[in-house]
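Dear colleague,

I am handing over the structure below, and I would be glad if you could look through it with the notes that follow.

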Amino acid sequence: MGNILITSSARAGIRQRFYFFVRPMSDQYTFDDQQDQIAMKEAWERALERLATSVPETSMKKFLKPLKCGSVEENSVSLIAPGKFVYEWVKDKYLDRIQEALSDEAGRELHINLLVQDREKPSAGVKPISVIQTAQPQPANPRFVPKESYTFDNFVVGQSNRLAFAGAKAVAQAPGAKYNPLFIYGYSGLGKTHLMHAIANEIMQREPGYPVMYVTAQQFAEDFVQSLKNNRIDQFRRLLRGSRVLLIDDIQFIAGKDRTQEEIFHTFNYLYQSGRQVVLCSDRPPRDLLLMEERLRSRFESGLVADVQMPDTETRCAIILKRAERESLGIDHDTAMYLAESINGNVRILEGALTKVAAQASLEGAPLTIDLARGVVESYYESIAVAKPSFNQILNAVSKHYQIDITDIKGLSRKAPIAHARHVSVYMTREILGDSWKHIGALFGDRDHTSMMHAYKKIRSMMNRDKELNASLKMLMHDLWPGS
Ligand code: ADP
Ligand code: MG
């Protein structure tokens with residue numbers, strides 16, 4: 001068939017800040033996947049139905065229905081007109097509307113290449129007779145390239161993150177097949193976002209163009225509200241539902257936001273039921289998302305729930321060595337071990353320390369020795385081993401973690417989430433301050449010392465059988481008192 005590229009449309013649509021991962025250099029790749037061709041044909045059928053509501057039937061018949069859907073690329077699709085007459089009409093009168101309707105139906109902002117079939121020389125092959133260049137539309141999904149260094153290869157696996165790593169790897173190898181959803185939780189700076197990018201990197205390495213979408217819960221919430229405001233909710237939904245792997249980072253953000261939760265619930269169900277993969281990350285386990293609707297929480301728990309913990313010293317040392325190797329910083333094992341032992345923060349802090357030490361070495365034009373590292377640690381990091389937190393700091397941390405007001409924690413309500421946060425506060429107070437039960441009772445507002453003891457024991461015994469509670473208390477403790 002001799003198709004001639006004649007024109008293309010440009011129209012700014014909704015600017016969603018969702019990110020379809022695209023590999024660098026992949027601008028020209030095509031969705032050769034047959035499924036995408038079929039999906040586009042179906043989207044075109046729906047777009048025609050939508051257009052029929054505003055275009056007179058005779059014009060539909062004459063100009064729009066004869067258009068055939070041609071090749072599909074990432075952000076563009078070809079529509080083939082049967083002759084020049086139809087082509088001219090469509091170009092002048094309908095192209096913008098087609099672009100809008102088809103983008104809506106396909107769930108992504110599309111660039112339309114309008115082609116005309118060369119009837120005179122069907123055997124002439126593809127031979128452009130004229131090309132009208134118009135401005136390229138901005139893609140609706142700003143290109144988000146998964147961070148190149150966030151790969152599985154660059155992730156150091158230890159006891160602290162083994163399960164999360166295995167889960168992420170399984171998801172990357174066969175999305176939707178095994179652990180769906182995958183829920184990874186843990187303290188900040190321990191590699192959750194790294195694992196999400198690693199999933200995207202691996203999938204796209206294997207299959208460029210695979211629709212992997214990444215969004216933080218905050219972006220989701222903001223864009224959801226924006227779409228409602230602009231009457232673009234259908235497009236918002238299609239965009240998300242067009243993904244085959246949806247990665248939602250920092251899901252704790254939507255706790256307490258009822259409508260956004262509802263939207264995520266429906267998105268989740270849609271993707272899940274059609275066998276698409278969902279991966280969620282959070283700074284706490286599902287059950288600690290107390291302001292999250294129960295139905296969402298139980299969805300989150302229905303696949304694999306895996307934690308990332310603070311890495312042990314050996315793993316920290318390995319992380320430093322790997323990072324140093326990647327950045328060609330000559331560091332010996334002893335110096336790496338020294339840093340791993342003396343920097344007691346999360347991986348982000350550890351990496352920051354390595355950067356500081358390397359910067360100092362280059363400033364002094366000196367090799368990166370253990371003495372140099374010691375000097376840097378002593379001047380910058382001694383303060384990390386902070387003093388015991390106060391009672392108010394403990395309450396604040398628990399309140400923040402469970403999203404329950406301090407007045408409620410200290411109050412009398414017996415509602416389960418509030419009582420739980422209160423018991424945890426008592427536990428933390430006793431563990432950290434080591435005060436007498438009587439004094440703790442006084443701190444919580446003249447309460448009987450036996451009720452304080454009871455709360456403490458309750459948490460203790462729950463911890464023995466409850467891995468997630470154990471993990472969140474560790475996180476809380478670390479948050480409050482990194483030097484403990
Ligand atoms: P989170 O999303 O949990 O807050 P990130 O994924 O942003 O944490 O990780 C913080 C930094 O630590 C990143 O630079 C990441 O590459 C690094 N990092 C975390 N865990 C590991 C690990 N196990 N191996 C190598 N690098 C890690
Ligand atoms: Mg993160």
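Two helix axes count as roughly parallel when the angle between them is under 35 degrees. In this predicted model, the axes of α4 (162–173) and helix α5 (residues 192–206) come within 9 Å and cross at roughly 25°, and the two helices are therefore roughly parallel to each other. The crossing of α4 and α5 is right-handed. On the α4 side the contact is made by Ala 164, Phe 165, Ala 168, Lys 169, Val 171, Ala 172 and Gln 173, which meet Leu 195, Ile 199, Glu 202, Ile 203 and Arg 206 in α5. By character, the residues of this contact between α4 and α5 comprise eight nonpolar, one polar and three charged.

Some backbone details also deserve your attention. The peptide bond that joins Asn 180 and Pro 181 is cis, with omega about 0°, and Pro 181 is placed in the loop that runs between α4 and β6 (182–186).

Asn 231, although it is not a glycine, has a positive phi of about 55°; this residue lies in the loop between α6 (217–229) and α7 (233–241), where Asn 231 is exposed, with a relative accessible area of 72%. Asp 250 is likewise not a glycine and has a positive phi of about 55°. The place of Asp 250 is in the loop that links β8 (245–249) and α8 (258–273), and with a relative accessible area of 32% Asp 250 is partly exposed.

With kind regards

Technical notes. Residues are numbered from 1 along each chain as its sequence is written. Chains are lettered from A and ligands numbered from 1 in the order in which they are written. This is a predicted model: local features need pLDDT of at least 70, side-chain atom pairs count only at pLDDT 80 or more; totals for chains, interfaces and linings use all residues. Side-chain values use heavy atoms; hydrogens and water are left out. Helices (H or I, at least four residues) and strands (E, at least two) are DSSP runs, numbered from the N terminus. Buried means under 20% relative accessible area, exposed over 50%, partly exposed in between (1.4 Å probe, protein chains only). Axes are lines fitted to C-alpha atoms, for helices over the stretch in contact, and angles run from 0 to 180 degrees between N-to-C directions. Angles under 35 degrees count as roughly parallel, over 145 as roughly antiparallel, 65 to 115 as roughly perpendicular and the rest as oblique. A crossing is left-handed if the near helix is turned anticlockwise from the far one by less than a right angle, and right-handed if clockwise. Contact means heavy atoms within 4.5 Å. Ala, Val, Leu, Ile, Met, Phe, Trp, Tyr, Cys and Pro count as nonpolar, Asp, Glu, Lys and Arg as charged, and the others, Gly among them, as polar.
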